[in-house]
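Trainee: Could you take me closely through a single part of this protein, with the terms spelled out as you go?

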Amino acid sequence: MNSTDLNNFRLTALIFILTSTLSFGQEQNDYVAQHYQKKEYSIPMRDGVNLHTVVYSPLDESQPYPILMQRTPYSAGPYGEGNLKNSLGPSPFLMRDGYIFVYQDVRGRWMSEGSYDNMRPTLNERTADPNAIDESTDTFDTIEWLLANVANHNGKVGQWGISYPGFYSAAALPFAHPNLKAVSPQAPIGDFYFDDFHHNGAYFLSYWLATSVFGYQKDEPTTEAWYDMVNPGTNDGYQFFMDMGSLKNADKYYGEDNFFWQQLKENPHYNEFWQKRSIIPHLKDVSPAVLVVGGWFDAEDLYGPLTIYKTIEKNNPETYNSLVMGPWSHGDWSREQGAQVVSNMYFGDSISTWYQLEIEREFFDHFLKKSGNGGPGLPEAYMFDTGLNKWTAFDEWPPKESEWTSFYLGEEGALSSDMPSGNRFSSFVSDPAKPVPYTQDIKINFTPRKYMADDQRFAARRPDVLTFETEVLEEDITLAGEIMAQLQVATSQTDADWVVKLIDVLPGDYPNHEYVLDGVDMGNYHLMVRSEVIRGRYRESFECPSPFVPDQITAVDFQLQDVYHTFKKGHKIQIQIQSTWFPLIDRNPQKYVENIFEASEEYFVKALHKVFHSENFPSKINVMVLPNE
Ligand code: PG9
């Protein structure tokens with residue numbers, strides 16, 4: 001961005017920020033009331049089910065407008081985040097540009113008819129059977145109806161959404177309607193076995209409360225919640241879930257009528273139930289232009305945006321497919337927040353506003369208001385370096401310039417590019433009765449949002465967390481791309497989870513920023529850059545688990561999600577390895593049982609875990625390093 005553009009941006013952003021000195025919601029409400037008219041429709045799908053749809057049309061009918069739609073399970077009406085008046089509505093810039101905004105309750109939710117199905121499976125083909133429906137056919141039928149019944153549109157349709165609405169945007173891509181010209185899946189769920197409810201087979205206990213929201217069928221269209229949130233009776237999540245013990249004790253909170261909780265319990269492995277709900281295999285023959293958006297510190301959906309972008313890129317080289325990854329936690333980019341801070345790490349000011357103005361607005365403007373030819377002049381991958389706090393434009397992701405490099409675990413907690421020698425290992429006792437907390441302040445809530453950049457010093461000082469660390473870096477090193485952990489481990493028992501955390505150890509004199517919470521000292525802050533878990537039983541296959549042979553050295557390889565982070569000179573790179581991460585994930589009993597959701601207490605046993613760093617059994621973290629310019 002040249003200096004003129006930068007000044008224009010700053011002026012626009014300043015005006016916006018000044019004008020929205022009212023609460024963000026209030027300013028939006030007033031603008032909607034003054035410039036849009038709202039109508040509600042019940043749109044029939046091919047099988048006769050009617051979907052509740054809210055349409056906001058510009059009062060100024062001097063020109064035709066594109067339709068910009070969001071399909072949501074969170075209520076399109078005034079009762080949830082789907083409407084314009086909520087901070088998760090479209091950006092103020094899109095609202096002022098003028099679109100016909102459409103919000104729809106997906107099948108089986110709120111005011112729509114039909115039955116709900118989490119991540120409804122996508123059909124592999126289109127047939128004449130009117131009852132052969134999925135989210136793609138519902139989107140197709142909705143667009144057909146809107147084009148025929150909504151006035152003053154320009155014949156072009158866009159779709160966008162964050163999180164679950166991001167999935168519904170991606171689900172519009174298979175067999176897309178020809179008038180659907182631009183789709184922006186933002187923090188989209190790709191697959192519930194790798195996003196949200198599980199990571200590599202470990203169940204995300206922290207999502208347990210959310211099962212209330214997605215686990216019950218309503219009797220009829222409704223504007224009132226038909227489900228109750230479990231009242232844990234405490235805000236202390238660690239204590240609540242420790243007191244609960246085995247997951248089989250969770251049944252007393254969820255009855256048989258919570259169909260999703262039953263499905264979670266009955267399908268612990270990556271079987272056909274989960275596989276058919278993944279949108280990833282269906283991202284072929286994609287015709288709309290795509291802008292995928294995600295946050296490097298998104299605790300809910302990180303597999304989704306990265307995998308959806310890469311899959312579209314691989315299957316559809318001719319399709320306009322782009323990616324933006326910023327220093328955001330879940331959904332931050334849609335909210336106006338001056339200072340962008342995750343945990344205690346400050347990344348800059350007005351990053352969300354800049355993205356909304358310079359990227360999202362340009363994308364939809366080009367493909368929905370202009371010819372759509374030639375592209376909007378945006379980079380294919382606009383990625384934020386969370387170490388240098390700056391954007392970089394790449395023409396692909398991961399960058400072709402990045403080179404694979406291995407960091408080897410070594411003795412005495414060393415981490416380096418040197419192959420280990422000798423026959424050494426590091427060990428720790430993993431005790432399910434004293435699991436490692438996943439953060440320092442564990443509060444029970446709908447889902448975890450803010451732990452991804454937390455300080456990890458508390459964990460480094462526990463005897464059941466192994467730490468391996470480089471010397472102080474003598475020059476910057478930039479990780480840009482994928483990460484693959486390749487561990488050589490052994491356990492005295494027959495099952496184990498393996499958590500790997502990649503950490504940027506800040507220098508002791510690192511300054512506090514004005515946005516850092518009182519009492520936090522950023523000197524020596526152990527910034528978690530990336531973290532991931534694998535339930536060790538799935539090391540060979542997510543569909544067919546296998547126990548460990550006690551004390552037998554075993555390879556455990558798994559992918560961590562991508563990063564773009566420069567570890568600056570004077571910092572250190574640290575790897576932490578542990579086997580509990582509570583109550584983010586449930587506790588692995590460590591004594592193999594077919595279904596951990598049904599494990600009784602006697603299966604929860606201590607285990608001695610070993611991580612080898614020897615000549616014959618090296619453990620390493622493979623990263624993609626972007627050569628210094
Ligand atoms: N992906 C997020 C989520 C899905 C299901 C349960 C809880 C959270 C989201 O839609 O916010």
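Mentor: What follows looks at one annotated domain, then at a strand pair and some salt bridges.

This is a predicted model, in which local features need pLDDT of at least 70 and side-chain atom pairs count only at pLDDT 80 or more, while totals for chains, interfaces and linings use all residues. Residues are numbered from 1 along each chain as its sequence is written, and side-chain values use heavy atoms, with hydrogens and water left out.

In an unreviewed entry, UniProt lists residues 361-622 as "domain: Xaa-Pro dipeptidyl-peptidase C-terminal"; such positions are given in the numbering used here, feature names are shortened, and annotations may be inferred rather than shown by experiment. The span is 5% helix and 35% strand, and its end C-alpha atoms lie 37 Å apart, where helices (H or I, at least four residues) and strands (E, at least two) are DSSP runs numbered from the N terminus.

Strand β17, residues 425-430, has Ser426, Phe428 and Ser430 on a covered face, whereas Phe425, Ser427 and Val429 make up the uncovered one. In a regular strand the side chains alternate between the two faces of the sheet. Strand β17 runs antiparallel to strand β24, residues 607-612, and 6 bridges join the two; strands pair if DSSP finds at least two bridges between them. Serine 426 has valine 611 in β24 as its bridge partner.

Turning to charged side chains, the structure as a whole holds 27 salt bridges, each being a side-chain nitrogen of Lys or Arg within 4 Å of a carboxyl oxygen of Asp or Glu. One of them joins arginine 462 to aspartate 464, with the closest N and O atoms 2.8 Å apart. Arginine 462 is partly exposed, at 24% relative accessible area, whereas aspartate 464 is buried, at 7% (buried means under 20%, exposed over 50% and partly exposed in between, with a 1.4 Å probe and protein chains only).

Another salt bridge links glutamate 469 and lysine 572, whose closest N and O atoms are 2.9 Å apart. Because glutamate 469 lies in strand β18 (residues 466-469) and lysine 572 in strand β23 (residues 572-578), this pair ties together parts that are 103 residues apart in sequence. Glutamate 469 counts as partly exposed at 24% relative accessibility, and lysine 572 likewise counts as partly exposed at 23%.

Finally, Asp395, Glu396, Lys400 and Glu401 are linked in a network of salt bridges.
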